[in-house]
Amino acid sequence: MLDKFEKRVLISVGCIIMVFIFSLLYAKATRQIDLPECLPYNKTYETPKVTQLDSNLYQVYAVAQMWQFQPAEIYIPVGSTVDFYVTSKDVVHGFNIYEKNVNMMAVYGNINKTTVKFEKPGVYKITCHEYCGIAHQNMQAEVIVNYPDAK
Ligand code: CUA
C-alpha cells in the first residue's frame with residue numbers, strides 16, 4: 001500500500017518527466033531542432049562515400065578513425081541537402097559541423113544520422129570535439145559548398 005507521501009513523490013516525478021518529453025517535442029516541432037536518429041548498424045557504413053541521390057540531395061557516409069575523418073573533403077553544390085551517416089572505426093569521436101548546429105558522436109558499432117541543408121556557399125569545417133587521443137586536435141574535414149571545381 002502506498003503512503004500518501006510516496007504517492008505525491010510519484011506524481012511529481014511523473015509530471016517532471018512529462019515536462020521533459022514535452023520540451024523535447026516542442027523543440028523539435030517549433031524550433032526545427034533536429035534530433036539525431038540512431039539506426040540499425042551495418043558494416044557498409046564503415047566505407048566512406050559521398051553519393052548523389054538527386055539533383056540536390058546527397059548522402060554521406062562519414063567515418064571517424066584516429067585521427068581523421070573520411071571523406072576529408074565533401075564537394076556539393078549550393079542548396080544541397082545532405083544526409084550524414086556517422087560512425088567510428090575505433091574510439092568515440094565527435095562530429096561537429098561549424099555554423100550548422102550539428103553536434104554528434106561517432107561511435108563504433110553505431111550509426112548516427114542527421115540531415116543538413118547548405119544554403120550558402122563556403123567551406124564548413126567538421127571537427128572532432130570529443131577527446132580521442134594524441135592527435136585529436138588535428139581531426140577535421142570540410143564540406144565545400146559551391147567550390148569552383150565542384151564535381
Ligand atoms: Cu576524434 Cu577527437
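Helices (H or I, at least four residues) and strands (E, at least two) are DSSP runs, numbered from the N terminus. Keep that in mind for the loop around Glu-99, which sits between strand 7 (93–97) and strand 8 (102–106).

A word on the model before we start. It is a predicted one, where local features need pLDDT of at least 70 and side-chain atom pairs count only at pLDDT 80 or more, while totals for chains, interfaces and linings use all residues. Residues are numbered from 1 along each chain as its sequence is written, and side-chain values use heavy atoms, with hydrogens and water left out.

**Exercise 1. Explore the loop between strand 7 and strand 8.**

Task: find out which backbone angle stands out at Glu-99 and at Asn-101.

Step 1. Start with Glu-99: its phi is near 65°, a positive value in a residue other than glycine.

Step 2. Move along to Asn-101, where phi is positive too, at about 55°, although this residue is not a glycine. Asn-101 is found in the loop between strand 7 and strand 8.

Step 3. Now check the surface, using these cut-offs: buried means under 20% relative accessible area, exposed over 50%, and partly exposed in between (1.4 Å probe, protein chains only). Glu-99 has 71%, so it is exposed. Asn-101 has 70%, so it is exposed as well.

Step 4. Put the loop in its setting: strand 7 and strand 8 form a hairpin with four residues between the strands.

**Exercise 2. Work out the surroundings of strand 7.**

Task: say which way the residues of strand 7 point, and which strands pair with strand 7.

Step 1. Look at the side chains. His-93, Phe-95 and Ile-97 point one way, Gly-94 and Asn-96 the other way, and all are buried. Put as a count, five of the five residues in strand 7 are buried.

Step 2. Look for partners, remembering that two strands pair if DSSP finds at least two bridges between them. Strand 8 runs antiparallel to strand 7, and five bridges join the two. Here Gly-94 has Met-105 as its bridge partner.

Step 3. Try strand 10 next. Two bridges join strand 7 to strand 10, and these strands also run antiparallel. Ile-97 has Ile-126 of strand 10 as its bridge partner.

Step 4. Zoom in on Thr-127, which lies in strand 10. Its relative accessible area is 13%, so Thr-127 is buried. Count a contact as heavy atoms within 4.5 Å. Leaving aside neighbours within four places in sequence, Thr-127 has contacts that include Gly-94, Phe-95 and Asn-96, and also Phe-69 and Met-139.

**Exercise 3. Track down the salt bridges.**

Task: say how many salt bridges the structure holds, and describe each pair.

Step 1. Settle the rule: a salt bridge is a side-chain nitrogen of Lys or Arg within 4 Å of a carboxyl oxygen of Asp or Glu. By that rule, the structure holds three.

Step 2. Take Glu-46 and Lys-43, whose closest N and O atoms are 3.6 Å apart. Glu-46 counts as buried because its relative accessibility is 13%, whereas Lys-43, at 54%, counts as exposed.

Step 3. Go on to Glu-119 and Lys-117, with closest N and O atoms 3.9 Å apart. Glu-119 is exposed at 54%, while Lys-117 counts as partly exposed at 42%.

Step 4. Finish with Lys-125 and Glu-142, where the closest N and O atoms are 2.7 Å apart. This pair links distant parts of the chain, 17 residues apart: Lys-125 is in strand 10 (residues 122–127) and Glu-142 in strand 11 (residues 140–145). Lys-125 is partly exposed, with 27% relative accessible area.

**Exercise 4. Spot the cis peptide bonds and check the cysteines.**

Task: place the cis bonds that lead into Trp-67 and Pro-71, then say how many disulfides the structure holds.

Step 1. From Met-66 to Trp-67 the peptide bond is cis, with omega near -5°. Trp-67 sits in the loop between strand 3 (57–65) and strand 4 (68–70).

Step 2. From Gln-70 to Pro-71 the bond is cis, with omega near -5°. Pro-71 belongs to the loop between strand 4 and strand 5 (73–76).

Step 3. Turn to disulfides (a pair of cysteine sulfur atoms within 2.5 Å). The structure holds zero of them. Cys-128 is buried, with a relative accessible area of 8%, and Cys-132 is buried, with 8%.
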